[in-house]
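Hi everyone, thanks for letting me have a slot today. I'd like to walk you through one structure, starting with the whole chain and then stopping at two residues. Here it is on the screen.

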Amino acid sequence: MQTVLFHSTIFGPIHSRRLGVSLGVNLMPNDGKICSFDCLYCEAGYNAQGAGTTGIPSRDTVKRQLRDKLKQMQANGDSLDVITFSGNGEPTLHPSFKDIVHDVTVLRDRYYPQAKVSVLSNATMAANPRVKQALLAVDNNILKLDSAVARTMRLINRPASANVLPAGIIEDLAEYGGKCIVQTMILRGEHNGERIDNTTTAEIDALIDAYKRIRPQEVMIYSIDRKTPEEHLEKVPREELEDIGRRIEEAGIKVQVNA
């Protein structure tokens, strides 16, 4: 089984094809995964690997480790484009998420004021008031919507709760008043004998309708770039991604294609 990739609370910096030179903040365990989705393509593997034994890091731990890393990077003359909440699961599940976002922003301002603070979230906590306050405070509030079709979304993302459906997520994101970036994984493949394909005309039309409702700053579309826990998934070629991107742009929505 593919397992977690991030074995520390602060990791990197790494080069992100979407964000540039990125220093990661992992608010989940260092030896397990906690997430409200169980996506077929998650680079951290399936939730079945368990939550591990280390537990989630405390607010003080995150603050101390990030401060030490930023001081070291600054002393070395290293560049930094973004500090990104990502890692072994859904960062907004951390009970101190809002306070940690505040700490990260203060440290960013002290050591790398030109860098952005980004959150990669699956949007399942987007309606939570404290989470919403925190997400509205960051530079790049990047929220997932892989399909606006219930069956497809549940096949790809496999939410832990039966109540999580794209219609609800779309309405939650619409409440952000456009202060969000929507991220969509474009893929095809098969899982347990069921065909998965969010590249069809009906799927893209449904996504475009959702984007119009949400009115995001931007939409990011991308496809598989790393090994995935479900082995029968297909990377969508650059040319096809660019065609999909043009369709989205023609609907009046700003789009970034990451091929």
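Let's start with charge: the chain carries 32 positive and 33 negative side chains, and the centres of those two sets sit 6 Å apart. Before I go on, keep in mind that this is a predicted model.

Now the overall build. The chain has 7 helices and 11 strands. Its radius of gyration is 18 Å, close to the 18 Å that the globule rule gives for 259 residues, so the chain is as compact as a globular protein of that length. If you draw a box around the C-alpha atoms along the principal axes, you get roughly 50 × 40 × 35 Å.

How much of the chain is buried? Buried residues account for 52% of the 259. As for the outside, about 11,200 Å² is exposed, and carbon and sulfur atoms supply 47% of that. Here's one on how the chain folds back on itself: take the contacts between residues at least 6 apart in sequence, and 72% of them join residues at least 24 apart.

Okay, let's zoom in on T54. You'll find T54 in the loop between β2 (20–26) and α1 (59–76). Is T54 buried or exposed? Somewhere in between, actually: T54 has a relative accessible area of 46%, and because buried means under 20% and exposed means over 50%, T54 counts as partly exposed.

What does T54 touch, leaving aside neighbours within four places in sequence? The answer is P29, N30 and D31. Take N30: along the sequence N30 and T54 are 24 residues apart, yet their C-alpha atoms are 6.4 Å apart in space. The side chain of T54 also reaches the backbone nitrogen of N30, at 3.1 Å. With D31 the link is side chain to side chain, a polar contact of 3.0 Å.

My second stop is N122, in the loop between β4 (116–121) and α3 (129–137). N122 has a relative accessible area of 2%, so this residue is buried. Which side chains make polar contacts with the side chain of N122? One is S36, at 3.1 Å, and another is T124, at 2.7 Å. Not counting residues up to four places away in sequence, N122 touches C35, S36, F37, E90, K144 and I169.

So, to recap those two loop residues: T54 is partly exposed, while N122 is buried. That's my bit, thanks for listening!

Terms used
Residues numbered from 1 in each chain as written. Predicted model: local features only at pLDDT ≥ 70, side-chain atom pairs only at ≥ 80, totals over all residues. Heavy atoms only, no water. Helix = DSSP H or I, 4+ residues; strand = E, 2+ residues; numbered from the N terminus. Rg over C-alpha atoms; globule rule 2.2 N^0.38 Å. Buried < 20%, exposed > 50% of the residue type's maximum accessible area, 1.4 Å probe, protein only. Contact = heavy atoms within 4.5 Å. Areas by Shrake-Rupley, 256 points an atom, 1.4 Å probe, with all protein chains shown as cover. Lys, Arg positive; Asp, Glu negative; His and termini not counted. Charge placed at Lys NZ, Arg CZ, Asp CG, Glu CD. Polar contact = N/O pair within 3.5 Å; in protein donor to acceptor, adjacent residues only side chain to side chain.
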